[in-house]
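Please open the model in your viewer and keep the sequence panel beside it, so that you can select residues by number. The tour moves from stop to stop, telling you what to select and what is there.

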Amino acid sequence: MEVTGKITDALTRRRDTWLYAGLLCWVSIGFTIGRDALWEAYFQSLLSLAGLWSPVLAVTWAREGSGAGRFAGRNRRSWFACFLGYLPLLLAVSGASMSTGALFWPVVFTGGLCIAALECILVAESQFMGQLYQVKWVRRLSLEKAVLISITGLALLLGAMAVSSLDNPAYHSGKQLLIGFEIDPFKILARFPTFITFSLQLLLMYLAGYFFFYINSRWLVPRILRERGILYYILCSAALIGIFYPFWGQLLASLPLSKVLGGVFSASPFVAENAFGVMLVLAVSLPVLLAIQWARQNSLITALQHEKSVAELDLLKQQLNPHFFFNTLNNLYALSLQRSEQTPESILQLSELMRYVIYKAKEPLVKVGDEVRYLKDYLQLQKIRLKRNLDLQFEEEIEDGTALIAPLLLIVFVENAFKHGVENTEGDALLSIHLKADQHSLRFVCENSFEPAPDAHNGIGLTNLRKRLALLYPGKHRLITGSDNGVFTASLEIDL
């Protein structure tokens with residue numbers, strides 16, 4: 001299972017590379033059909049394509065490995081050099097060399113054209129498909145509507161080709177009309193009523209299949225297969241075919257176009273071919289409908305999981321903030337009892353801390369520099385309140401203070417250090433904090449004096465922190481806690 005998972009992950013990460021590899025294989029297959037020594041011809045074509053078009057595979061492989069887009073940073077230069085430099089150059093060379101008669105250059109030229117077409121499709125998909133999906137009518141376009149639009153367009157296209165083939169000896173004899181691959185606009189305009197008639201009859205032929213597809217999509221799959229199982233689905237499909245296929249067969253056989261095309265449909269509506277045709281429609285549409293249904297359910301599950309995560313995070317924040325205010329108000333209460341001159345300054349610092357908690361904590365991400373200033377203000381407030389000597393060490397190595405992190409993560413370690421370590425330590429206390437951060441990762445280590453008591457517990461701070469990390473950085477964080485020789489150590493690493 002682990003090997004299968006790694007292969008699946010590799011295919012997912014390098015999907016464009018695999019698309020190009022598959023494309024080269026298809027081009028090789030196209031130049032192999034009809035030749036002698038099939039496998040030898042296939043591998044000759046494939047090696048020729050892979051050799052000369054290897055820069056495309058290399059650039060795509062490197063770009064997907066970087067995790068950035070094709071037009072980001074170095075990938076932009078590589079893309080321009082490959083697809084706007086090397087690709088046109090090799091196309092020009094191979095196109096000019098095809099006159100030599102060797103099969104090598106047509107293979108290379110065709111492969112280059114296919115690569116260019118595929119890259120245009122991929123660029124359009126990455127740049128514009130997201131915007132297209134935001135268009136209201138596109139979002140509302142269901143599978144049934146898309147199929148109906150497609151068969152209407154196909155009927156019009158075949159109607160135009162059928163009219164263009166009339167009176168052409170290559171396609172039209174006295175007994176039968178073959179639809180040729182040609183479109184004559186002048187003939188279509190001259191026989192426009194015939195074009196409309198042919199198109200409507202062709203559309204009616206396709207609507208016969210669409211009728212069964214629609215019932216399969218709206219009733220058989222979502223209601224019968226999903227609720228009653230495969231046996232009822234098969235039985236209901238058989239009943240549907242038995243009830244309707246003779247009537248559709250009679251209607252299609254009576255179409256004038258059926259006779260013009262040489263009797264496409266049998267004069268007897270009860271022939272088995274009609275039933276087999278309906279079975280084929282149901283069988284082909286079933287996996288498509290199941291895949292779409294699975295995608296919808298997966299999207300719904302993902303949305304529900306996101307809503308659940310947001311709700312859990314909100315609940316954890318609601319638990320975290322009162323926990324912080326409780327500790328801080330205890331600090332102020334102790335200072336007021338001492339009638340300390342530092343009380344006003346402490347209240348001012350507390351207001352800054354509260355402002356950060358109330359406003360910054362609502363944001364999904366904050367700058368690491370802001371989080372560090374919050375920690376320093378908190379430490380200063382604690383030093384004022386603390387009675388005993390505290391050996392406080394705060395080392396920071398921040399390459400970029402604008403790196404983003406979820407708010408109020410680091411303060412939990414410091415709060416925990418004071419509440420369960422420093423304040424309970426007899427004699428001098430130790431608190432050592434080390435923070436290292438850049439744009440890609442953050443490492444935070446907090447060490448404090450620790451004297452475990454029989455009823456000692458960590459409270460909700462670290463427990464909620466673990467839950468928040470699991471929701472915010474799944475698989476991208478490492479949290480380790482432990483005690484040794486009277487020192488409690490908490491270490492957190494996050495991939496930003």
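Helices (H or I, at least four residues) and strands (E, at least two) are DSSP runs, and they are numbered from the N terminus. With that in mind, select residues 343-359, which make up helix 14, and find L353 within that helix. This is a predicted model, in which local features need pLDDT of at least 70 and side-chain atom pairs count only at pLDDT 80 or more, while totals for chains, interfaces and linings use all residues. Residues are numbered from 1 along each chain as its sequence is written, and side-chain values use heavy atoms, with hydrogens and water left out.

Is L353 buried or exposed? Buried means under 20% relative accessible area, exposed over 50%, and partly exposed in between (1.4 Å probe, protein chains only). L353 counts as buried because its relative accessibility is 0%. Now add R373 to the selection: L353 and R373 are 20 residues apart in sequence, and their C-alpha atoms are 9.7 Å apart in space.

Next, select L189, which lies in helix 9 (residues 185-190). L189 is exposed, because its relative accessible area is 65%.

Then select residues 192-228, the 37 residues of helix 10. The expected span of a helix is 1.5 Å times one less than its number of residues, which gives 54 Å for helix 10, and its end C-alpha atoms, 50 Å apart, agree with this. Follow helix 10 to L220, where it bends by about 50°, with the proline P222 following within four residues; the bend is the angle between axes fitted to the seven residues ending there and the seven starting there. Just after helix 10, select G229, which takes a positive phi of about 100°.

For the strands, note that two of them pair if DSSP finds at least two bridges between them. Select strand 2 (residues 390-398) together with strand 4 (residues 429-437), which pair in the parallel sense over nine bridges, and look for F394, whose bridge partner in strand 4 is I433. Adding strand 5 (residues 441-449) shows an antiparallel pairing with strand 4 over seven bridges, where A437 stands opposite L442. Strand 4 and strand 5 form a hairpin with three residues between them.

Finally, select strand 6 (residues 477-484) and strand 7 (residues 487-495), an antiparallel pair with eight bridges. R478 has E493 in strand 7 as its bridge partner, and in the two-residue turn of this hairpin N485 has a positive phi of about 55°.
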